[in-house]
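Welcome, and thanks for taking a look at this one. Here is a short tour of a ligand site, a pocket and a single residue.

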Amino acid sequence: MMFLVCCWGHLSSSACHLLFNYLFIYCLSVCLSVLGRNLGTVGAVALDCCGNVAYATSTGGTSNKMVGRVGDSPCVGSGGYADNDIGAISTTGHGESILKVNLARLTLFHVEQGMSVEEAADKSLGYMKSRLNGIGGVILVSKAGNWAVKWTSASMPWAAAKDGKVHCGIDLHDTTITNLP
Ligand SMILES: NC(=O)C[C@H](N)C(=O)O
């Protein structure tokens, strides 16, 4: 699995640029997915300077999946969600569990109710674990530009760009911060 979070503060407001942003993060997520050797899941969320948010989630699904299985990734509310009044989120993990709890919308619901992005991610992932023993991970950014990356799986490669800094990590407590080139 590979995850990317972007908070872009320098993008213009035109509809053309907004469309470009959506296409860019979608293409980026697909490219990262294909470049990864295991053809795993990749997601992206973005916030532009006008308050527009977007998400993309791409996946190869799960190992030995049934022919015709539709997982959580293409389902809005489970594999991801974006609402300019709240924020954007992309999810990964056990698709059947994610679908049952609507992990993306559930997490943004908690943000909508006043929780921080970290608290909201912990609460919804904790709920999925306790209710269904389902593991997963989320990346999210709020409309205010606060972002969080949380997972209950063993590890999850991720990166975030904001205010000229790149934050990245794989395992818990191993975050590295460098300047954007
Ligand atoms: N690794 C994943 O995110 C798999 C995906 N959620 C699925 O179940 O299809």
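In this predicted model, a polar backbone atom of G93 sits 2.7 Å from a nitrogen atom of the ligand. Two further polar contacts involve ligand oxygen atoms: one is made by a side-chain atom of T41, the other by a backbone N or O atom of G95. Here they are side by side.

| Residue | Atom of the residue | Atom of the ligand | Distance |
|---|---|---|---|
| G93 | polar backbone atom | nitrogen | 2.7 Å |
| T41 | polar side-chain atom | oxygen | 2.8 Å |
| G95 | backbone N or O atom | oxygen | 3.0 Å |

The ligand's surroundings also include T59, G61, T62, R69, D72, S73 and T92.

One of these residues, D72, leads us on to S78, which it touches. S78 belongs to the loop that runs between β3 (53–58) and β4 (80–83). Is S78 buried or exposed? Its relative accessibility is 1%, and because buried means under 20%, S78 counts as buried. Leaving aside residues up to four places away in sequence, the contacts of S78 are D72, T91, I98, L99, N102, L103 and A104.

Now to the second largest pocket, with a volume of about 200 Å³. Which element gives the largest share of its lining? That is strand β7 (residues 147–151), with five residues: W147, A148, V149, K150 and W151. E118, W158, D171, L172, H173, D174 and T175 line this pocket too. By character, the lining has six nonpolar, four charged and two polar residues.

Note on methods
Residues are numbered from 1 along each chain as its sequence is written. This is a predicted model: local features need pLDDT of at least 70, side-chain atom pairs count only at pLDDT 80 or more; totals for chains, interfaces and linings use all residues. Side-chain values use heavy atoms; hydrogens and water are left out. On a 1 Å grid over the protein atoms alone, a cavity is a set of points where a 1.4 Å probe fits but cannot get out, and a pocket is an open set with protein on both sides within 12 Å along at least five of seven lines; lining residues have an atom within 4 Å of a point. Grid points are joined across faces, edges and corners, and a volume is the space filled by probe spheres set on the points. Helices (H or I, at least four residues) and strands (E, at least two) are DSSP runs, numbered from the N terminus. Ala, Val, Leu, Ile, Met, Phe, Trp, Tyr, Cys and Pro count as nonpolar, Asp, Glu, Lys and Arg as charged, and the others, Gly among them, as polar. Buried means under 20% relative accessible area, exposed over 50%, partly exposed in between (1.4 Å probe, protein chains only). Contact means heavy atoms within 4.5 Å. A residue is near a molecule or strand if one of its heavy atoms lies within 4 Å of it. A polar contact is a pair of N or O atoms within 3.5 Å; within protein, one must be able to donate a hydrogen and the other to accept it, and residues adjacent in sequence count only if both atoms are side-chain atoms.
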